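Reader: I am in my first year and still learning to read models like this one. Could you take a close look at the salt bridges and explain, step by step, what they join?

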Amino acid sequence: MNYWLMKSEPDEASILDLERAGTLPWTGVRNYQARNFMRDAMRLGDGVLFYHSSCPEPGIAGLAEVCSAAYPDATQFDPASPYCDPKSKPEAPRWLHVDVRWRETTRLLPLKEMREAPELASMQVLQRGNRLSITPVTPAEWQAVLKRLHAA
């Protein structure tokens, strides 16, 4: 089993949106490394830290799991979508996505608190210059986050 941190702007798809829907496609990824994580490394049942980004208080807002294999992201072919990629062709799609299933809405674990936690210091999302929307999380980091999320 692998673990991932997946960033979403809450105005576009929040943990509450995922909770209401149950399952959502993780569309709009337009970075090759993040796409490759979905294509090559994500597996059914992998754990997901659902991270709210580009908002007043960014941080981990809940838990989800990967519930599909990677498949072509239809937004790349939709001229009305902000994620349209005119160079991508249906016979050779550039962009893929996975579906994620809601598991738990948690208290917000703010970015500031994550930065102050020594056990999370190596998390890729906390590294200077990291802008990836999907990053791997080690089993030790996963457990440390769960412990912080569920602390009384």
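Author: **Salt bridges, strand by strand**

Arginine 148 and glutamate 119 meet through their side chains in a salt bridge, at 2.8 Å from N to O. Arginine 148 lies in helix α4 (residues 139–149) and glutamate 119 in the loop between α3 (111–116) and β8 (134–137), so this pair ties together parts that are 29 residues apart in sequence. The term salt bridge is used here for a side-chain nitrogen of Lys or Arg within 4 Å of a carboxyl oxygen of Asp or Glu, while helices (H or I, at least four residues) and strands (E, at least two) are DSSP runs, numbered from the N terminus.

This is a predicted model, in which local features need pLDDT of at least 70 and side-chain atom pairs count only at pLDDT 80 or more, whereas totals for chains, interfaces and linings use all residues. Residues are numbered from 1 along each chain as its sequence is written, and side-chain values use heavy atoms, with hydrogens and water left out.

Arginine 148 counts as partly exposed at 22% relative accessibility, and glutamate 119 is likewise partly exposed, at 38%; buried means under 20% relative accessible area, exposed over 50%, and partly exposed in between, with a 1.4 Å probe and protein chains only. These two residues also belong to a network of salt bridges that links Arg107, Glu113, Glu119 and Arg148. By the rule given above, the count comes to 10 salt bridges.

Another of them is formed by the side chains of glutamate 65 and arginine 103, again with 2.8 Å from N to O. This pair links distant parts of the chain, since glutamate 65 sits in strand β4 and arginine 103 in strand β7, 38 residues apart. Glutamate 65 is buried, with a relative accessible area of 15%, whereas arginine 103 is partly exposed, with 45%.

The two strands concerned are also joined directly, for β4 and β7 run antiparallel and are connected by 7 bridges; strands are said to pair if DSSP finds at least two bridges between them. Within this pairing, the bridge partner of glutamate 65 in β7 is arginine 101. Strand β7 (residues 99–110) pairs in the antiparallel sense with strand β2 (residues 23–25) as well, over 3 bridges, and there leucine 24 stands opposite valine 100.

A further salt bridge is the one between aspartate 40 and arginine 39, whose closest N and O atoms are 2.7 Å apart. Aspartate 40 is partly exposed, with a relative accessible area of 43%, and arginine 39 is partly exposed too, with 40%.
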